[in-house]
Amino acid sequence: MGLELLLPLMIIVLLVLMFMQSSKQRKAMKELREMQESLTVGDHVLTTSGLHATILAVDADTLELEIAPGVRTRWDRRVIREKFDTSAAPETGPGTDASGSR
């Protein structure tokens with residue numbers, strides 16, 4: 001196999017890898033957009049800045065989040081990065097037993 005055949009082959013491989021990466025990224029963006037559109041009152045969420053909060057009100061483009069008891073803030077819907085499943089069992093961290101107490 002000569003070098004003249006290797007260059008087109010490398011370009012084809014590079015294009016395939018770029019297409020696969022782009023497809024994967026589009027799929028992730030679609031899932032994020034669907035999650036952000038499905039947010040409802042009472043959901044526990046994580047913002048892109050790392051803030052944990054509970055949704056108190058939902059508007060077309062904004063959400064009202066409770067970041068501490070009695071502290072309400074308004075956020076753009078697009079800053080929500082993750083929605084937590086509240087039906088799952090509570091996490092136990094280091095220094096806690098199975099009941100969650102220290």
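Here is a friendly exchange about this predicted model, going from its overall layout to single residues.

Colleague: Let's start with the layout: in what order do the elements of the protein run from the N terminus on?

Modeller: This is a predicted model, so let me begin with its secondary structure. The protein has one helix and five strands. The helix, α1, covers residues 3-37. Read from the N terminus on, the order is α-β-β-β-β-β.

Colleague: Which feature does UniProt place at residues 6-23?

Modeller: Over residues 6-23 the chain is 100% helix and 0% strand. The C-alpha atoms at the two ends of that stretch are 26 Å apart. The name given by UniProt, in an unreviewed entry, is "transmembrane region".

Colleague: Is L3 buried or exposed?

Modeller: L3 lies in helix α1. This leucine also belongs to a nonpolar surface patch of about 1000 Å², together with L6, L9, M10, I12, V13, V16, L17, F19 and M20. The cut-off for exposed is over 50% relative accessible area. Because L3 has 68%, the answer is exposed.

Colleague: And away from the surface, which residues make up the largest nonpolar core?

Modeller: In soluble globular proteins, nonpolar side chains tend to be buried together. Here the core has eight residues in all. Strands β2 (52-58) and β3 (62-68) each supply at least two of the core residues. The full set is M35, L39, V45, A53, I55, L63, L65 and I80.

Colleague: Take L65 from that core: leaving aside neighbours within four places in sequence, which residues is L65 in contact with?

Modeller: L65 is one of the residues of the largest nonpolar core. Among its contacts are the core residues V45, A53, I55 and I80. Leaving aside neighbours within four places in sequence, the whole list is V45, T47, A53, T54, I55, L56, V71, R72, T73, W75 and I80.

Colleague: T73 appears in that list, so is T73 buried, partly exposed or exposed?

Modeller: T73 is found in strand β4. Beyond four places in sequence, T73 touches L63, E64, L65 and I67. L56 is 17 residues away in sequence from T73, with 9.5 Å between the C-alpha atoms. At 22% relative accessibility, T73 counts as partly exposed.

Colleague: Now to charges: which residues are linked with E64 in a network of salt bridges?

Modeller: E64 meets R72 in a salt bridge at 2.8 Å, N to O. The side chain of R74 also meets E64, at 3.9 Å. R74 lies in strand β4 (residues 71-76) and E64 in strand β3, so this pair ties together parts ten residues apart in sequence. The partners of E64 in the network are R72 and R74.

Colleague: Within that network, which residue counts as buried?

Modeller: Buried means under 20% relative accessible area. R72 is at 56%, so this arginine counts as exposed. R74 is at 57% and counts as exposed too. At 17%, the buried residue is E64.

Colleague: What is the N to O distance in the salt bridge of K83 and D43?

Modeller: The structure holds four salt bridges, and this pair links distant parts of the chain. K83 sits in strand β5 (residues 80-84) and D43 in the loop between α1 and β1 (44-47), 40 residues apart. K83 is partly exposed at 34% relative accessible area, whereas D43 is buried at 13%. The distance, N to O, is 3.8 Å.

Colleague: How many Å apart in space are F84 and D43, C-alpha to C-alpha?

Modeller: F84 has its place in strand β5 and counts as partly exposed at 28% relative accessibility. Leaving aside neighbours within four places in sequence, F84 is in contact with H44, V45, L46 and H52. F84 and D43 are 41 residues apart in sequence, and the C-alpha separation is 7.3 Å.

Colleague: To finish with the whole protein, what percentage of its residues count as buried?

Modeller: The accessible surface comes to about 8000 Å², and 60% of this area belongs to carbon and sulfur atoms. Among contacts with a separation of 6 or more, 35% are between residues 24 or more positions apart. Of the 102 residues of the protein, the buried share is 15%.

Note on methods:
Residues numbered from 1 in each chain as written. Predicted model: local features only at pLDDT ≥ 70, side-chain atom pairs only at ≥ 80, totals over all residues. Heavy atoms only, no water. Core = buried A, V, L, I, M, F, W, Y, C linked by side-chain atoms within 4.5 Å. Buried < 20%, exposed > 50% of the residue type's maximum accessible area, 1.4 Å probe, protein only. Contact = heavy atoms within 4.5 Å. Patch = residues over 30% accessible without salt bridge, like charges linked within 9 Å, V, L, I, M, F, W, Y side chains within 5 Å. Areas by Shrake-Rupley, 256 points an atom, 1.4 Å probe, with all protein chains shown as cover. UniProt positions renumbered as here; feature names shortened; annotations may be inferred.
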